[in-house]
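Me: I have a model open on my screen and would like to understand the labels people attach to it. Could you take me through them, one at a time?

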Amino acid sequence: MNFKIGMISLGCPKNQVDGEIMLKKLNKSGFKIANSIEDSDLMIINTCGFIEDAKREAIETILEVAEYKTAGLICAIVVTGCLAERYQEEILKEIPEVDSVIGIGADKDIVKICQKALVGIKTGFFPEKKYLLLDGERMLSTPKHWAYLKISDGCDNKCSYCAIPGIRGGYIERSMESILDEAKTLSDNGVKEIILVAQDTTKYGMKLYGKYKLPDLLKQLVKIDKIEWIRLFYCYPDRVTDELIDVIASEEKICSYIDMPLQHCNASVLKSMNRNGSYDTLKALLLKMKSKIPDLSLRTTFMVGFPGESDEQFEELCRFVKDIKFDKMGCFTFSPEEDTPAFHFENQIDKKIKQRRADVLMDIQYSITESANKQRIGNIYKAVIDEKTENGYIGRSYLDSPEIDSGIMIKSNQVHSLGDYISVKITDYDGYDLIGEEI
């Protein structure tokens, strides 16, 4: 019998890459990959467990899939990823419908785990985190024209609120040759946009080469002919060097787009987070980047409601957002995670206050985005086609990353394929989205 396996992958792009490697292993071993729960014999739930909302989503997803098993529509359930690594035996104990729970170091053994689950053998397997797969053949879950490319994993930064080092382990990285080989393979298979991901992309090179090598890596990636765009995620402000800025500014294929989660701007709050920086030092860095990289699109994330954050410190953060005018900004409330120092900090802030602060900050950002979009009317951008609609297409310029950012609603009478690049003139905007027409 040819069993069919489906996967629900939650959380960050790094987790998504892990899932794609597992799917390829399963497919090569003879399993068919299903696109829905209803069409599956076994479901893998590749979980996130970073903060409370992510844990809640993961548990709700497991329980939803468990109902399919109870109804006899699927045979088995395997739980992988960060929630599995973090809570291990508790999932098997609390949710008896689950057949196997495996840690991130067991991804390489996914074929055996699924084979056992399908014959009723329950498994809890948690090898050392150092066995986490950094590379391998993948079955892409993204559209054919773009893909994530993981260059490292784990983290040594030890921010006081963050559970990732405990879940994913210490910082590890791939060789430059391995990354370039995968990028060439992706390109040969039709990928035109690659998005570099890691827990900290800017640290790349320190483990294997003893120095920051992200600029060197980028210089090699741009030589791959069929790659149109290269995009950077998860940059750490302390490690954004002048060399990196210059490479981004000088290489046409590297999008003038940087995702840099800053978390806060107040020096005292950042110190409590075990992070460096202040309003003035961060502003100086961002202004330098804007001055050197033409039309830079800055994406960041802030945390509000960190223990002890005063009204004055939050107001400073609001001023910072108004001052810098980020192109994209996300905001989440502090989530007290067990096994992190901040879980035990005094002066925890009420949930309602945290949520109100998040709402205020996002309202400020919405006004900034609206103003920026209004100023873009009349501009012409190179845009990639992501989706066909009744009246044209949905696409993106370099300003927007897939899945997390907005895009351009494009009016066009021409016939295009997904992944085609066209010229679009912006004619209007609708909230976060731009509206344009092909020229």
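Reply: Happy to! One definition to begin with: helices are DSSP runs of at least four residues and strands are runs of at least two, numbered from the N terminus. Asn 274, for instance, sits in the loop between H10 and helix H11 (279-292). Please keep in mind that this is a predicted model.

Me: Why is Asn 274 called partly exposed?

Reply: Buried means under 20% relative accessible area and exposed means over 50%, with partly exposed in between. Asn 274 has a relative accessible area of 44%, so it belongs to the partly exposed group.

Me: What makes the phi of Asn 274 worth a remark?

Reply: Most residues other than glycine have a negative phi. For Asn 274, phi is near 65°, a positive value in a residue other than glycine. Gln 263 is another such case, with phi near 75°.

Me: Where is Gln 263, and is it buried or exposed?

Reply: Gln 263 lies in the loop between strand S12 (254-259) and H10. Its relative accessible area is 7%, under the 20% cut-off, so Gln 263 is buried.

Me: And Ser 268, why does it count as partly exposed?

Reply: Ser 268 is part of helix H10 (residues 267-272). Its relative accessibility is 46%, which falls between 20% and 50%, so the label is partly exposed. If you want a sense of distance, the C-alpha atoms of Ser 268 and Val 111 are 48 Å apart, with the two positions 157 residues apart in sequence.

Me: How do you know that Asp 99 is buried?

Reply: The relative accessible area of Asp 99 is 6%, and the label needs a value under 20%, so Asp 99 qualifies. Asp 99 is in the loop between helix H4 (89-94) and strand S5 (100-102). Leaving aside residues up to four places away in sequence, Asp 99 touches several others, including Lys 69, Cys 75, Leu 92, Ala 117 and Lys 122.

Me: What makes strand S7 largely enclosed?

Reply: Five of the five residues of S7 (residues 146-150) are buried, so the rest of the structure largely encloses this strand. In a regular strand the side chains alternate between the two faces of the sheet. In S7, Trp 146, Tyr 148 and Lys 150 point one way, Ala 147 and Leu 149 point the other way, and all are buried.

Me: How do you know that S7 and S10 pair?

Reply: Pairing calls for at least two bridges found by DSSP. S7 and strand S10 (residues 193-197) have five, in the parallel sense, so the pair meets the criterion. One of the bridges links Ala 147 with Ile 194 in S10.

Me: Which residues does Gly 190 touch, and why is it called partly exposed?

Reply: Gly 190 is in the loop between helix H7 (176-188) and S10. Not counting residues up to four places away in sequence, Gly 190 touches Lys 144 and His 145. With a relative accessible area of 33%, Gly 190 lands between the two cut-offs, so it is partly exposed. The C-alpha atoms of Gly 190 and Ala 147 are separated by 10.0 Å, and the two residues are 43 apart along the chain.

Me: What makes S16 mostly covered, and which strands pair with it?

Reply: Four of the five residues of strand S16 (residues 392-396) are buried. S16 pairs with strand S15 (residues 380-388) in the antiparallel sense over four bridges, and with strand S17 (residues 408-411), also antiparallel, over four bridges. Glu 387 stands opposite Ile 394 in S16, while Tyr 393 has Ile 410 in S17 as its bridge partner. A hairpin of three residues joins S15 to S16.

Me: Why is the whole chain called as compact as a globular protein of its length?

Reply: The protein chain has 13 helices and 19 strands. Its radius of gyration is 22 Å, close to the 22 Å that the globule rule gives for 439 residues, so the description fits. Buried residues make up 55% of the 439. Among contacts with a separation of 6 or more, 73% are between residues 24 or more positions apart.

Methods. Residues are numbered from 1 along each chain as its sequence is written. This is a predicted model: local features need pLDDT of at least 70, side-chain atom pairs count only at pLDDT 80 or more; totals for chains, interfaces and linings use all residues. Side-chain values use heavy atoms; hydrogens and water are left out. Buried means under 20% relative accessible area, exposed over 50%, partly exposed in between (1.4 Å probe, protein chains only). The radius of gyration is taken over C-alpha atoms; the globule rule is 2.2 Å times the number of residues to the power 0.38. Contact means heavy atoms within 4.5 Å.
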